Each structure stands twice: as C-alpha cells, then as structure tokens.
Amino acid sequence: LAEAEYATLGAGLRQAEATIWPAAVACLHFLVLTGWRSGEAVALRWQDVDLARRTAVLPDSKTGRSMRPLSRAACDLLCALPHLSDGALVFPASRGDGLMLGFKKFARRIVVLASLPVDVTPHVLRHSFVSLAADLGSSEPTIGALIVHKGHTITSRYVHSADAVLLAAADAVARRTAELMGESNTADIVPLHVANAAA
C-alpha cells in the first residue's frame, strides 16, 4: 500500500464499524497491524493468546506450530474484543461456532468502502507490512520471525517467548501503520460489543 492508501484504509475501517460485522472489521485491522495470514487470524483462539507476554502461539499455521510477537497496538485491539471463553475464537463468525468462512468477502466489502482497488487483499496487507518493516530498518531474520514467512527458520531463542528485539520491531511497524492510517493514539480503539456472537 502507498502511504495515501493506508490513510484511505484507516478511514474505511472506521466507517465499516457501523455497517460490517465487527469481528471482521477487527480482524482486518489486526492483519494490517501484524502482517499475519488471514487464515491464521481467523483461526486464532483466546487460549493461544498471552497478552501479558505479548505473544500468540499458532498451533497449526502454514509453517507448523509458531510463536508470534504482538505489538502494543495489536494487544490493545485484542483487549477491546469480547472474550467469551478461552476456547472461543478471537474473531468469531457472525453465525454458528465455526470459523468466519466469509472473512474474505467482508474484507472485500471494507476495501470497496475505503475506495481502494479491489486487488487490495489481506495478502497485499501482509506484503505491505513486510515493506514497512524493511523501511524501518528491521533485518530479514527479524521480519521473518515477525510473520513466519515460509522458508524462514526461526532460531530456538524465538520459540518460547518474544525477545525485546522482536517486540520492538513489532511495535515500530504497528506504530507507523497506525500513523499512516490516521490513528493518532491506538488507545482510542473502541471496544466492540458483540451480542450473542455464537448465534
């Protein structure tokens, strides 16, 4: 994304909160801040999130079990979401207990609402995250650890907990992303109240 497109996306996300399933809006926002694959975010469960340590463990990502550092902005976003139970999905479907299978359609609606090109997909957001991280001076191994890109190996010191270098890098990218999207303060994220999310 170009800098102007980040601003447009930020405005679109804020506008979408009134008309699109709140968990889908939050999920897309989370992807922008983290560079995760959409399938990883959609499958994320509260039991795999450790907000105190600012980490999430993905038991079955494309690259196998992996640990991800979480920026303060991503943690703030997660804190604003309804936490129904440890086994519940962080970003629940609008109906039923399963995964939000319609997330890509929701994402497309948000992109259209933001007047962005239709080829701006969650995968494009992942590439944009990597580009921002590189622009901010993160090394290739650090970026690989942030998003666990296929083909990157994570050294053993990254397996159990996020170290200060990774957390600082995650914070730097998320902070810059929030600035570009016109979010002056990530603490201003409004809590989402999803009534009967399993219905």
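In the predicted model, Ser115 is located in the loop that links α5 to α6. The backbone of Ser115 adopts a positive phi of about 60°, although the residue is not a glycine. Most residues other than glycine have a negative phi. With a relative accessible area of 64%, Ser115 is exposed. A positive phi in a residue other than glycine also occurs at Arg54, where the value is near 60°. Arg54 belongs to the loop between β1 and β2 (55-61). In contrast to the exposed Ser115, Arg54 counts as buried because its relative accessibility is 10%, below the 20% limit for burial.

The chain that holds these loops comprises eight helices and three strands. Read from the N terminus, the order of elements is α-α-α-β-β-β-α-α-α-α-α. Of the 199 residues in the chain, 49% are buried. When contacts between residues at least 6 apart in sequence are considered, 69% of them join residues at least 24 apart.

Helix α2 (22-34) takes part in contacts with α4 and with α5. The axes of α2 and α4 come within 9 Å and cross at roughly 165°. This angle makes α2 roughly antiparallel to α4, since angles over 145 degrees fall in that category. The crossing of the two helices, α2 and α4, is left-handed. On the α2 side the contact is formed by Ala26, His29, Phe30, Leu33 and Thr34, and on the α4 side by Ala73, Ala74, Leu77 and Leu78. Sorted by class, the residues in the contact of α2 with α4 are seven nonpolar and two polar, with no charged residues.

The arrangement of α2 with helix α5 (residues 103-113) has axes that come within 9 Å and cross at roughly 80°. Helices α2 and α5 are therefore roughly perpendicular to each other. In this contact, Ala24, Val25, Cys27, Leu28 and Leu31 of α2 meet Phe103, Phe106, Ala107 and Ile110 of α5. The contact of α2 with α5 contains nine nonpolar residues, and neither polar nor charged residues contribute.

Within helix α4 (residues 72-79), the buried residues are Ala73, Ala74, Cys75, Leu77 and Leu78. These buried residues of α4 pack against α2, β1 (49-50) and α8. Helix α8 (residues 164-180) has 17 residues, and at 1.5 Å a residue it should span 24 Å; its end C-alpha atoms are 24 Å apart, which agrees with that expectation. The buried residues of α8 are Leu166, Leu167, Ala169, Ala170, Asp171, Val173, Ala174, Thr177, Ala178 and Leu180. Just after α8, Gly182 takes a positive phi of about 80°.

One residue of α4, Leu78, is also among the contacts of Trp46. Trp46 lies in the loop between α3 (38-42) and β1 and is buried, with a relative accessible area of 5%. Apart from neighbours within four places in sequence, the residues in contact with Trp46 are Leu78, Leu81, Pro82, His83, Leu84, Ser85, Asp86, Ala88, Leu89 and Val90. Of these partners, Ala88 is separated from Trp46 by 42 residues in sequence, whereas the C-alpha to C-alpha distance between Trp46 and Ala88 is 6.1 Å.

A further helix pair is formed by α6 and helix α7 (residues 140-147), which pack at an angle of about 145° with their axes 10 Å apart. The crossing of α6 and α7 is right-handed. Arg126, Phe129, Val130, Ala133 and Ala134 of α6 meet Ile143, Leu146 and Ile147 of α7. The residues of the contact of α6 with α7 divide into seven nonpolar and one charged, with no polar residues. Helix α6 (residues 122-135) also includes Val124, which counts as partly exposed because its relative accessibility is 27%. Val124 and Leu1 are 123 residues apart in sequence, and their C-alpha atoms are 7.6 Å apart in space.

Note on methods. Residues are numbered from 1 along each chain as its sequence is written. This is a predicted model: local features need pLDDT of at least 70, side-chain atom pairs count only at pLDDT 80 or more; totals for chains, interfaces and linings use all residues. Side-chain values use heavy atoms; hydrogens and water are left out. Helices (H or I, at least four residues) and strands (E, at least two) are DSSP runs, numbered from the N terminus. The expected span of a helix is 1.5 Å times one less than its number of residues. Buried means under 20% relative accessible area, exposed over 50%, partly exposed in between (1.4 Å probe, protein chains only). Contact means heavy atoms within 4.5 Å. Axes are lines fitted to C-alpha atoms, for helices over the stretch in contact, and angles run from 0 to 180 degrees between N-to-C directions. Angles under 35 degrees count as roughly parallel, over 145 as roughly antiparallel, 65 to 115 as roughly perpendicular and the rest as oblique. A crossing is left-handed if the near helix is turned anticlockwise from the far one by less than a right angle, and right-handed if clockwise. Ala, Val, Leu, Ile, Met, Phe, Trp, Tyr, Cys and Pro count as nonpolar, Asp, Glu, Lys and Arg as charged, and the others, Gly among them, as polar.
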